[in-house]
Amino acid sequence: MNAHSKIPDIALDLNPAPVPEADRNRLMESLGFGKVFTDHMVTIRWTRDGGWQDAKVTARKPLSIDPAAAVLHYAQEIFEGMKAYRNDDGRVLLFRPEENARRFNESARRMAMPEVPEELFIKAVEELVRVDRAWIPSGDASLYLRPFMFATEAFLGVRPSDEYVFCIIASPVGAYFKGGAKAVSVWVETHYTRAANGGTGAAKCGGNYAGSLVAQAEAYKHSCDQVVFLDASEHRWIEELGGMNVFFVMKDGSMVTPPLKGTILPGITRKSILTLARERGITVDERPYSFEEWQSDAKSGRLVEAFACGTAAVLAGIGTVRHADGEFLIGDGQTGALTTSLREELVNIQKGMSNDSHGWSHPVGA
Ligand code: PLP
Ligand code: COI
């Protein structure tokens, strides 16, 4: 085993002044998304000569980096999003964490960054979940985990950094959208695009999100919750939302979702929904679906539901679609029946409330 693949032990240097229980309970009373943070974080350093080292759980605190750190100039950064759930009998479960570990390393390869051994990724996530166990909400809320890695070498030349930090923070979260389970509205962006062939669209790198923000701002300007991106070459084919994949439900019971061609994020929720829908006997086509088709199918009634899906949002019905030339509703503008039932089936698995026949639940022991 060389230095680069060795799994370091993770030292525990616990927060001497964690948030008092009463304050924690108050903070967790009305959770939105990503504003409340737990007492601890994980950091692990990597150097080209020494590999992964100095792994520890510490009090959550500001990071100190050199102003010339490569991430601040050339955005060499990737991240993941996953959740820990507390079920009714008190067990703590992660959902398909090995998928996040695998995708993290796909992102790392695309961004010329070192891979985090899957075993280390999962061990570090488990360690943080164990230490911050008191922050895992019950009921509909969960603990959102944000593993990320960034380039720390102080060097202004443009080349892959020789030093990185892998970090994990955690945030108890409720619904991603302010309206809770209400159908969301989306803005179809026909000018700005998110990713082109050969680009970084399939990687979960911060730069993809930085480039999407001007379009997300347009969405807010048009009172929409999310932006829908079209493909970069023809501005015609639906790709995905700013932070979610998208599915369309037809009147004949079939479903359509854009294919993975390297320009969209291969969502773990998307992959899970494909499995659950196909097990129900639903035909799901992974095929290009155009914005023209979307408009005409909504008008003719051939399309009855559409939903966004991702770790943060789970499944969210799309009710209203707005664009430069007008707007239209999907069905009656409310979350559809199939969206609701697939969401319920997925959430029940994630929370350990139904039989885990796929082996997707990953218990975290005390
Ligand atoms: N697409 C984008 C751009 C995302 O940010 C996300 C969220 O992580 C997804 C899709 C859905 O991916 P997942 O279901 O793995 O969370
Ligand atoms: C996630 O679902 O984990 C994401 O990264 C998307 C973002 C909207 C928070």
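**Ligand 2 and residue L14**

The largest pocket is the space taken by ligand 2. The model is a predicted one, and every distance and area below is computed from it.

Around ligand 2 lie the residues F33, F79, G81, Y144, R146, Y176, K204, G243, T311 and A312. Some of these also make polar contacts with the ligand. In the side chain of Y144, an N or O atom is 2.6 Å from an oxygen atom of ligand 2. The side chain of K204 likewise has an N or O atom 2.7 Å from an oxygen atom of the ligand. With T311 the partner is in the backbone: a polar backbone atom of this residue is 3.5 Å from an oxygen atom of ligand 2. Of the 280 Å² that ligand 2 exposes when taken alone, the protein buries 89%.

The second place to look at is L14. This residue is found in the loop between β1 (11-12) and α1 (21-27). Is L14 buried or exposed? L14 counts as partly exposed because its relative accessibility is 46%, and that class lies between the limits of under 20% for buried and over 50% for exposed.

Leaving out residues up to four places away in sequence, L14 touches H40, V57 and V131. Another leucine, L72, is 58 residues from L14 in sequence. In space, the two are 29 Å apart, C-alpha to C-alpha.

Technical notes
Residues are numbered from 1 along each chain as its sequence is written. Chains are lettered from A and ligands numbered from 1 in the order in which they are written. This is a predicted model: local features need pLDDT of at least 70, side-chain atom pairs count only at pLDDT 80 or more; totals for chains, interfaces and linings use all residues. Side-chain values use heavy atoms; hydrogens and water are left out. Helices (H or I, at least four residues) and strands (E, at least two) are DSSP runs, numbered from the N terminus. Buried means under 20% relative accessible area, exposed over 50%, partly exposed in between (1.4 Å probe, protein chains only). Contact means heavy atoms within 4.5 Å. A residue is near a molecule or strand if one of its heavy atoms lies within 4 Å of it. A polar contact is a pair of N or O atoms within 3.5 Å; within protein, one must be able to donate a hydrogen and the other to accept it, and residues adjacent in sequence count only if both atoms are side-chain atoms. Accessible areas come from the Shrake-Rupley method with a 1.4 Å probe; for residues, only the protein chains shown count as cover. On a 1 Å grid over the protein atoms alone, a cavity is a set of points where a 1.4 Å probe fits but cannot get out, and a pocket is an open set with protein on both sides within 12 Å along at least five of seven lines; lining residues have an atom within 4 Å of a point. A molecule sits in a cavity or pocket if more than half of its atoms lie within 2 Å of its grid points.
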